[in-house]
Amino acid sequence: MKIVTVRRISQIFFFTLFVWFCIVTTYGGKFWQLRSWPVNLFLSLDPLVALGTILTTHSLYWPLLWALLTVILTIIFGRFFCSWLCPFGSIHHFFGYLGSRRKTAAQKIKLNRYRKAQSIKYFILVALLIMAVFPSLAATLQTGLLDPIPLVTRSFNLILLPLADASANLLSVTQRFYETTFVIFAIFLAAVLLNFVIPRFYCRFICPLGALFAVLSRFSIWRIGKNTKTCSNCKFCEQHCEGACEPSANIKISECVLCFNCRQDCKTKDNVIRYQTKPSLAGEVTNPDISRRGFVLSLASGLLAVPAVRLAGKIKANWPHKLIRPPGSLAEPEFLKRCIKCGQCMRICPTNVLQPAGLDKGLEALWTPVLNNRIGTSGCQLNCTACSQICPTAAIRPITLDEKLGTGSFADKGPLKLGTAFVDKNRCLPWAFDKPCIVCEENCPLSPKAIFTREYFSTVRDGLLTIKKVVGNTIETVENNLTLDKFATGDYYCSLDGSQKGKIVANTNNTVTISKEVKFAKIPAEGSKIHIQVRLQRPYVDIERCIGCGVCEHECPVSGKKAIRVSAEGESRSADRKLLL
Amino acid sequence: MNYNTMEPVMAQTRGKTPRYESVISLFLLAVLFIIGLSVVIPQFNLETSSTIVASAEPRSLDNLLSSIVPAGFEPLSEIAVYNAENLYEKINGKAPFYVDSGFEMLLTNWLKNQTDNELMFEFYVYDMAEPANAFSVFSIQKRPDASPMSGFEVNFGYRTENAILFVKGRYYIELIGSAKSEPLFNAMTEFAKKLSAALPDQRQFSFPNQLIAAKDNLIPGSIKFYTGNALGFDGFDNTFTAVYKIDSSNVTIFLSQRPDEKNAEQLVRDYCKFLIETGAEEKSADISINKARVLDFYGTIELVFNKGPIVAGIHEAEDIETAVKLAPLLNDILKSDTEK
Amino acid sequence: MNEQNEQQLNRRKFLARAAKAGLSVAAAGFIAKTLYDKQGPSAQPPSQLVTIPDFSIPAVQGQTISIVKGPDRVKTIDKAIDLLGGIERFVKPDETVVIKPNVAFTSVPALGATTNPDLIAEVVRLCFSRAQAKRVYVTDNPINNPASCFTISQIGKAAAEAGAEVILPKTNLFRPTTLQKSKYIKNWPVLYGPLAKADKLIGIAPVKSHSRAAASMSMKNFYGLLGGRRNIFHQDINTIIAELVMLIKPTLVILDGTETMVTNGPTGGSFSDLKRTDTIIASCDPVAADSFGCSLLGFKPADLPYLAKAQSAGAGTADYQSLKPIIANVT
């Protein structure tokens with residue numbers, strides 16, 4: 001059995017596993033749903049996630065201990081992860097293969113030559129890591145932008161799966177929507193299509209994880225190299241070289257991804273190319289090829305980028321009020337130190353309310369989860385803590401239902417608040433338009449509710465009428481242009497001199513019939529006035545109770561700019577955004 | 001050698017794969033296989049699976065309930081949660097009974113068999129805040145057709161033809177099956193076992209020594225605990241009742257631990273006053289217990305006394321002779337604790 | 001021969017590399033073990049809470065509070081401090097003193113909304129010339145723009161001319177603190193920078209009426225050491241004022257009732273808001289100072305709920321008479 005065969009099986013195996021994990025990241029207990037599948041396996045194995053969070057938080061969150069396994073294996077064996085495990089790498093490998101299938105051997109060899117630009121990925125790594133190292137408050141974790149595992153997870157979770165499921169509706173009863181997906185998709189597509197230009201484009205030039213592996217594999221015990229000095233230099237070994245490491249000559253160990261294609265392609269019987277402990281007899285270079293100038297430049301850019309971005313004040317007083325974070329999220333500076341923008345929370349959220357943030361929430365918050373109550377089925381479901389359980393880095397720390405609802409041992413702390421709902425009195429139907437509606441109050445899931453109503457009677461337009469005659473409970477009016485039964489919905493009342501009110505049960509164009517339960521204290525005289533009034537229940541938010549779950553905003557029938565909207569004031573996670581004492 | 005062009009022809013194949021390469025390849029393949037198994041197999045045995053997604057804190061109750069759904073069953077809908085204010089929406093008239101006994105929360109759902117839709121069971125998990133309260137609602141509601149549990153070890157629990165009812169810690173759990181069915185009942189038993197093992201409150205409720213001292217006479221499973229209103233008298237809170245078999249007749253004995261002797265003496269007086277006001281007649285009888293009061297309540301005899309801070313007595317004895325006969329037994333029971 | 005050498009070289013190289021690999025593995029393992037976090041992050045971010053030092057000095061019976069009447073602030077304050085033992089009792093040679101005046105508004109001294117600069121200058125002078133203090137700082141976290149407040153109130157100029165250094169409330173000088181058993185001061189930023197350097201703390205405040213709290217005197221003066229969005233505490237103003245004196249234990253407070261702002265406080269704005277009451281109170285107990293000071297506004301101590309709250313919390317006494325105030329007159 002050839003080693004490349006196993007490698008291909010391994011790629012297919014891990015890629016399938018990855019896609020399966022993306023599929024099962026669906027809320028529920030069935031076989032193809034979350035259960036206890038280790039859906040964060042790839043993220044946990046990713047040493048860049050572990051290293052990034054170690055630098056920002058000075059701790060290694062326990063599920064990320066798997067990364068130690070990857071690190072140890074890489075130190076010993078080399079960059080096996082890139083061509084045996086990485087699902088993104090497998091995609092690039094496949095598309096690179098597709099792109100160069102029709103090319104001649106000479107063309108392929110030329111495509112796989114080492115290029116100086118392959119050192120760019122080291123600069124990217126340095127810049128990202130230095131941003132994470134910043135002391136205390138200014139540190140930010142932006143590795144998630146280009147780290148391949150969060151990137152490919154995000155692309156599958158937010159785009160590919162919803163696209164695939166759009167008509168079948170197997171994974172989700174309703175269509176899943178995600179914002180800013182075009183950008184995420186564009187980046188994914190660009191990375192994949194660039195493989196037609198140069199195979200494994202992303203891996204060779206951009207991938208910071210690959211750069212990290214390159215650094216780790218400096219002392220690998222075994223490495224690819226030539227076993228004999230007698231080689232015809234045909235360069236056939238470089239036809240399908242994935243890493244562009246030039247095994248035929250001075251092999252660049254830091255670029256070698258252990259695809260073993262060189263060994264497979266070598267046509268001599270002698271097995272010139274070997275995976276061996278001694279260095280290649282044609283020479284080897286272990287250090288990544290980065291210039292000092294380049295290194296300093298990337299260091300400086302990373303150092304300056306963070307404070308420059310923070311000048312916008314988005315962490316301090318200029319915080320975006322619509323930045324509503326999932327329940328259990330840490331305070332914003334701490335959150336940004338942990339979020340790797342993997343999209344797992346957005347995927348698992350049963351109501352589809354978690355969305356990747358765009359640039360409007362601040363550069364650092366790009367693709368981090370925020371609630372958009374207009375999207376999905378119902379705001380943040382009351383009895384759900386799925387996002388907090390799935391976050392691989394505890395940017396959303398795992399909470400129990402007790403903590404979320406403020407029951408049990410958390411009864412003295414009260415429920416976790418995501419923000420507060422604010423009634424927009426200029427748009428709310430009973431406040432501005434004399435139309436009865438209490439959808440928000442009805443849907444508030446708390447008990448007692450955080451939305452309460454106060455009764456208010458408002459005279460309708462053209463509702464001041466003159467009495468002509470009263471027969472029983474029916475009042476005939478002088479005016480005769482009422483719409484038939486317009487006031488018979490049960491919301492309208494007839495008010496006589498402001499003292500007596502009777503519910504209108506029927507009306508014609510010139511009569512108004514009041515409910516039989518009302519007895520006139522005094523028969524109104526001819527010529528006196530009546531007011532047709534609509535009984536409104538005007539909603540008020542009790543800001544001590546409101547937890548900002550967004551169901552009210554979601555259900556509000558004013559569907560464009562909602563008449564009740566949640567913003568993040570009062571969120572529990574931020575001491576400086578408190579609304580009340 | 002290509003003898004036409006006189007160029008060396010390179011071998012088209014690289015030759016047989018060396019042995020060591022095959023061995024390593026197969027070894028790696030085996031590793032992949034094991035990785036695959038270790039990911040997939042735990043999904044079929046939820047109790048032992050460890051997961052990277054697992055929370056660092058104990059799982060909340062409804063996560064637990066979702067995870068122990070028996071094989072071949074599925075939930076009918078979402079788990080419904082009720083608190084003291086809306087409990088009546090689920091159990092209507094029974095709600096005040098639970099609420100007065102310290103009820104905090106109810107989780108309930110139907111679990112339906114996937115193949116046979118007629119077979120399903122409903123679970124009720126009542127969080128009663130304290131083990132004493134859970135035992136109270138359990139003991140007071142004991143069905144007359146209760147029979148002992150099998151296949152499931154629990155301190156307080158029984159089964160009927162189609163139901164399993166038990167107490168664990170501060171929880172009172174009822175599993176009600178839709179039909180009399182072996183496989184359904186087995187699934188319910190499995191569910192009960194897992195639930196009992198995994199509930200976050202594993203405290204045991206224990207009886208006062210006095211009650212179980214005369215355990216030879218005690219009818220097992222007859223102990224009831226009232227958080228309030230025992231024997232129809234609202235002064236009797238925190239009161240136990242138990243049925244003893246004495247001379248082939250059943251006698252109900254009650255016992256209540258009061259905060260101090262004065263409170264106990266007052267309670268005795270209050271109870272007698274209450275009985276007299278509702279029509280009882282005080283009788284004198286030669287009872288060996290100091291200051292015991294005997295009342296004839298419409299044909300049955302009530303005996304009540306206090307020993308130190310403990311109030312105890314006999315409820316609805318057949319006649320005075322029985323009460324007199326039992327008095328020494330009572331005394332012994334109570335003495336057995338004070339001698340410690 | 002060459003081959004053998006080459007083989008040996010290779011082996012040495014290999015061993016070197018293997019050793020380095022081994023060390024890397026060990027290093028990775030070590031890092032993972034030391035930083036391993038089983039708990040995960042907690043709801044509150046890790047903060048470096050500070051503790052505000054206690055600046056009070058041992059009490060001396062009968063020398064806790066002095067009340068001096070006189071038209072000239074400078075003379076009156078000299079007398080008031082001397083009656084309590086002189087500045088030397090409070091400030092020892094070579095010490096660093098922080099003076100906390102009321103610089104809350106961009107208001108001219110004549111309007112009485114801020115501490116009178118003459119008082120600042122005099123106290124700074126006393127600290128340097130008589131007490132031989134090494135350094136004196138003057139600081140506050142004003143409500144309006146800090147630089148403008150120090151300028152328009154002329155406190156900045158007075159302090160600098162007397163030799164003190166003004167410390168503006170820069171962001172990096174604030175640190176969070178938690179007051180035990182308090183309702184509101186939990187992980188709340190305070191102007192800790194100057195306090196960290198100080199040996200003694202002297203508060204100097206004018207007597208003013210206050211629309212929300214009834215009066216703003218020496219206790220409320222310490223509101224100016226709070227940072228963050230502190231106006232949220234106005235929803236429970238009496239509790240927060242009481243908690244201020246639990247948090248800050250000054251060496252001495254000076255309450256300037258020479259021209260008391262009796263109406264339209266705390267900003268005032270018109271000379272008619274001021275009433276000439278010609279009194280200055282010096283006190284080691286801010287609660288006692290305020291209990292007397294409120295009389296200048298026409299209040300009784302019972303009219304100010306925060307006095308009782310502070311007293312029951314043990315931060316001072318509202319019964320200033322019990323401290324045997326020394327009363328004097330100065331012409």
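In this predicted model, the buried residues of helix α8(B) are covered by parts of chain B that include the strands β10 (249-257), β12 (293-297), β13 (300-307) and β14 (310-317). Helix α1(B) has a cover that reaches across chains: it includes α1 (3-24) and α13 (261-265) of chain A. Two single residues of chain A, Arg200(A) and Val541(A), are also buried. Aromatic pairs are found throughout a search of the whole structure, 50 of them over all chains.

**Helix α8 of chain B**

- Helix α8(B) runs over residues 261-277, which is 17 residues.
- Its first and last C-alpha atoms are 24 Å apart, close to the 24 Å expected at 1.5 Å a residue.
- Six residues of α8(B) are named as buried: Ala264(B), Leu267(B), Val268(B), Tyr271(B), Cys272(B) and Leu275(B).
- These residues cover an arc of only 125° around the axis, so they sit on the same side of α8(B).
- An α-helix has 3.6 residues a turn, so residues three or four places apart point the same way.
- The face turned away from that buried side carries Lys262(B), Lys273(B) and Glu277(B), which are exposed.
- Asp260(B) caps the N-terminal end of α8(B). One of its side-chain oxygens lies 3.1 Å from the backbone nitrogen of Lys262(B).
- After α8(B) comes Gly279(B), with a positive phi near 115°.

**Helix α1 of chain B**

- Helix α1(B) has 22 residues, 19-40.
- It reaches 32 Å from first C-alpha to last, close to the 32 Å expected at 1.5 Å a residue.
- Its buried residues are Glu21(B), Ser22(B), Ser25(B), Leu32(B), Gly36(B) and Val39(B).
- They cover an arc of only 110° around the axis, so they lie on the same side of α1(B).
- Arg19(B), Phe27(B) and Ile34(B) are exposed on the other side of α1(B).
- The cover over the buried residues of α1(B) includes two helices of chain A, α1 (3-24) and α13 (261-265).

**Chain B as a whole**

- Chain B has nine helices and 14 strands.
- Of its 340 residues, 44% are buried.
- Take the contacts in chain B between residues at least 6 apart in sequence: 56% of them join residues at least 24 apart.

**Aromatic pairs in chain C**

- The search of the whole structure gives 50 aromatic pairs over all chains.
- One of them joins Trp188(C) and Phe233(C): the ring centres are 4.6 Å apart and the planes stand at 55°, so the pair is tilted.
- Trp188(C) belongs to strand β7 (residues 188-191) of chain C, and Phe233(C) to the loop between β9 (214-216) and α8 (237-247) of chain C, so the pair ties together parts that are 45 residues apart in sequence.
- Trp188(C) and Phe233(C) are both buried.
- Phe292(C) and Tyr320(C) form an edge-to-face pair, 5.4 Å centre to centre with 75° between the planes.
- Phe292(C) is in helix α9 (residues 286-293) of chain C, while Tyr320(C) is in the loop between α10 (305-312) and β12 (326-329) of chain C, so this pair ties together parts that are 28 residues apart in sequence.
- Phe292(C) and Tyr320(C) are both buried.

**Lysines over tyrosine rings**

- In chain A, Lys252(A) lies over the face of Tyr114(A), 5.0 Å from the ring centre.
- In chain C, Lys220(C) lies over the face of Tyr223(C), 4.8 Å from the ring centre.

**Arg200 of chain A**

- Arg200(A) sits in the loop between α10 (181-193) and α11 (201-205) of chain A.
- Its relative accessible area is 1%, so Arg200(A) counts as buried, since the cut-off is under 20%.
- The side chains of Arg200(A) and Glu242(A) make a polar contact at 2.9 Å.
- A polar atom of the Arg200(A) side chain also lies 3.1 Å from the backbone oxygen of Cys82(A).
- Leaving out residues up to four places away in sequence, Arg200(A) touches Gln11(A), Cys82(A), Ser83(A), Gly89(A), His92(A), His93(A), Asn195(A) and Glu242(A).

**Val541 of chain A**

- Val541(A) is part of strand β14 (residues 529-541) of chain A.
- Its relative accessibility is 18%, so Val541(A) counts as buried.
- Val541(A) and Thr420(A) are 121 residues apart in sequence, yet 8.5 Å apart in space, C-alpha to C-alpha.
- Not counting residues up to four places away in sequence, Val541(A) touches Ala421(A), Val423(A), Ala450(A), Phe452(A), Cys546(A) and Ile564(A).

Key
Residues are numbered from 1 along each chain as its sequence is written. Chains are lettered from A and ligands numbered from 1 in the order in which they are written. This is a predicted model: local features need pLDDT of at least 70, side-chain atom pairs count only at pLDDT 80 or more; totals for chains, interfaces and linings use all residues. Side-chain values use heavy atoms; hydrogens and water are left out. Helices (H or I, at least four residues) and strands (E, at least two) are DSSP runs, numbered from the N terminus. The expected span of a helix is 1.5 Å times one less than its number of residues. Buried means under 20% relative accessible area, exposed over 50%, partly exposed in between (1.4 Å probe, protein chains only). The arc is that of the directions from the helix axis to the C-beta atoms. Contact means heavy atoms within 4.5 Å. A polar contact is a pair of N or O atoms within 3.5 Å; within protein, one must be able to donate a hydrogen and the other to accept it, and residues adjacent in sequence count only if both atoms are side-chain atoms. Rings of Phe, Tyr and Trp (its six-membered ring) pair if their centres lie within 6.5 Å; planes under 30 degrees apart count as stacked, over 60 as edge-to-face and the rest as tilted. A charge sits over a ring if NZ of Lys or CZ of Arg is within 6 Å of the ring centre and within 35 degrees of the ring normal.
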